[in-house]
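Trainee: I would like a close look at one part of this model. Please take me through how the helices pack and what sits in the loops between them.

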Amino acid sequence: MLTLELLQRMLLAAATELKDKSMILCELDGVAGDGDHGLTIGRMADAIKAKIEANDSADIKELLDDLSMAFMGVNGGSAGPLWGTVFGGFAEGVDEGVTSLDTDGIHKMLAQGKEDFMDISKAKIGDKTMVDALYPALDAGLAASGSVKEIFAAMAEAACKGADATAGMVARFGRAKNVGERSLGTKDPGAVSMSILFSSMASACE
């Protein structure tokens, strides 16, 4: 079962890892963007940490909803609104008052997150964006069963493979598309940050 307490622990681990990798993300973003992706992710990591340390979430929906709103309010590029949309979708997929999710509940949460994101983004796999890690991760989670650890391990593996694959892509979406072939050989920072999120969440399931 994915309990509120376990989810908080997983997200806190993700916040620590995202903060630690923020400068690496800035370096990746400097190749085809304005180099501030890691700073934005660092602010979002701080928001996660603050929310969980406040320990004021009555249920899973409230936690995810509050994180969505916090991400939406982070200054610095599109990452905040995009992550906010994903987490808002996760929240929408969870009923009020629920403090633990079984496999079906996790699947419902993930499916709603993807649906909400697809409503606002036209990016597709292969465009060299966060979608290259996000969609494979969500699809892997939806296809997986078993323990929380098994579900998130599948998501982490898919997200990492997706992020790695972006090194061989030419950006076709967002600001990065303006640099064309120059983006070849470098992973997309948005995909990498998404892979860090799911990998660290999976590791915290130990």
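**Helix packing and the loops between**

Mentor: Start in the core. The largest nonpolar core has 61 residues, and among them Leu2 and Trp83 touch the most other members. Keep in mind that this is a predicted model.

Look at Trp83 next. Leaving out residues up to four places away in sequence, Trp83 touches Leu18, Ile41, Met44, Phe71, Met130, Ser193, Met194 and Leu197. Two of those names come back when we turn to helix 1 and helix 3: Leu18 belongs to the helix 1 side of that contact, and Ile41 to the helix 3 side. As a general point, nonpolar side chains in soluble globular proteins tend to be buried together.

Now the first helix pair. Helix 1 covers residues 4-20 and helix 3 covers residues 37-54. Their axes lie 8 Å apart, and the packing angle is about 150°. Over 145 degrees counts as roughly antiparallel, so helix 1 and helix 3 are roughly antiparallel to each other. The crossing of helix 1 past helix 3 is left-handed. Which residues make the contact? From helix 1 come Gln8, Leu11, Leu12, Ala15, Leu18 and Lys19. From helix 3 come Ile41, Gly42, Ala45, Asp46, Ile48, Lys49 and Ile52. Sorted by class, this contact of helix 1 with helix 3 has eight nonpolar, two polar and three charged residues.

Helix 1 has another partner, helix 4, which runs over residues 60-72. Here the axes come within 10 Å and cross at roughly 25°. Angles under 35 degrees count as roughly parallel, so helix 1 and helix 4 are roughly parallel to each other. Their crossing is right-handed. On the helix 1 side, the contact uses Leu4, Leu7, Gln8 and Leu11. On the helix 4 side, it uses Ile60, Leu63, Leu64 and Leu67. The class count for helix 1 with helix 4 is seven nonpolar, one polar and no charged. Note Gln8 and Leu11: they serve in the contact with helix 4, and they are also listed in the contact with helix 3.

Follow the chain out of helix 1. Lys21 sits in the loop between helix 1 and helix 2, the latter being residues 22-32. Is Lys21 buried, exposed or partly exposed? Its relative accessibility is 28%, so Lys21 counts as partly exposed. Lys21 and Val131 are 110 residues apart along the chain, and their C-alpha atoms are separated by 19 Å.

Move on to the loop between helix 3 and helix 4. Asn55 is found there. Asn55 is not a glycine, yet its phi is positive, about 50°. At 55% relative accessibility, Asn55 counts as exposed.

The loop between helix 4 and helix 5 holds Val74. Val74 has a relative accessible area of 12%, so this residue is buried. What does Val74 touch, not counting residues up to four places away in sequence? Its contacts are Thr40, Arg43 and Met44. Met44 is also one of the residues that Trp83 touches. From Val74 to Gly88 is 14 residues in sequence and 15 Å in space, C-alpha to C-alpha.

Gly88 brings us to the third pair, since it is among the helix 5 residues that contact helix 6. Helix 5 spans residues 79-92, and helix 6 spans 103-120. The two axes come within 7 Å and cross at roughly 140°. That angle makes helix 5 oblique to helix 6. Helix 5 passes helix 6 in a right-handed crossing. Helix 5 contributes Leu82, Thr85, Val86, Gly88, Gly89, Phe90 and Glu92. Helix 6 contributes Met109, Leu110, Gln112, Gly113, Asp116, Phe117 and Ile120. By class, the contact of helix 5 with helix 6 divides into seven nonpolar, five polar and two charged.

Finish with the loop between helix 6 and helix 7, where helix 7 is 131-143. Lys128 lies in this loop, and so does Asp127. Are they buried or exposed? Lys128 is buried, with a relative accessible area of 4%. Asp127 also counts as buried, at 10% relative accessibility. The phi of Lys128 is near 65°, a positive value in a residue other than glycine. Asn55 likewise has a positive phi. Asp127 and Ala171 are 44 residues apart along the chain, while their C-alpha atoms are separated by 5.7 Å.

How values were computed
Residues numbered from 1 in each chain as written. Predicted model: local features only at pLDDT ≥ 70, side-chain atom pairs only at ≥ 80, totals over all residues. Heavy atoms only, no water. Axes fitted to C-alpha atoms, helices over the stretch in contact; angles between N-to-C directions. Helix = DSSP H or I, 4+ residues; strand = E, 2+ residues; numbered from the N terminus. Parallel < 35°, antiparallel > 145°, perpendicular 65-115°, else oblique. Left-handed = near helix turned anticlockwise from the far one by under 90°. Contact = heavy atoms within 4.5 Å. Nonpolar A, V, L, I, M, F, W, Y, C, P; charged D, E, K, R; others polar. Buried < 20%, exposed > 50% of the residue type's maximum accessible area, 1.4 Å probe, protein only. Core = buried A, V, L, I, M, F, W, Y, C linked by side-chain atoms within 4.5 Å.
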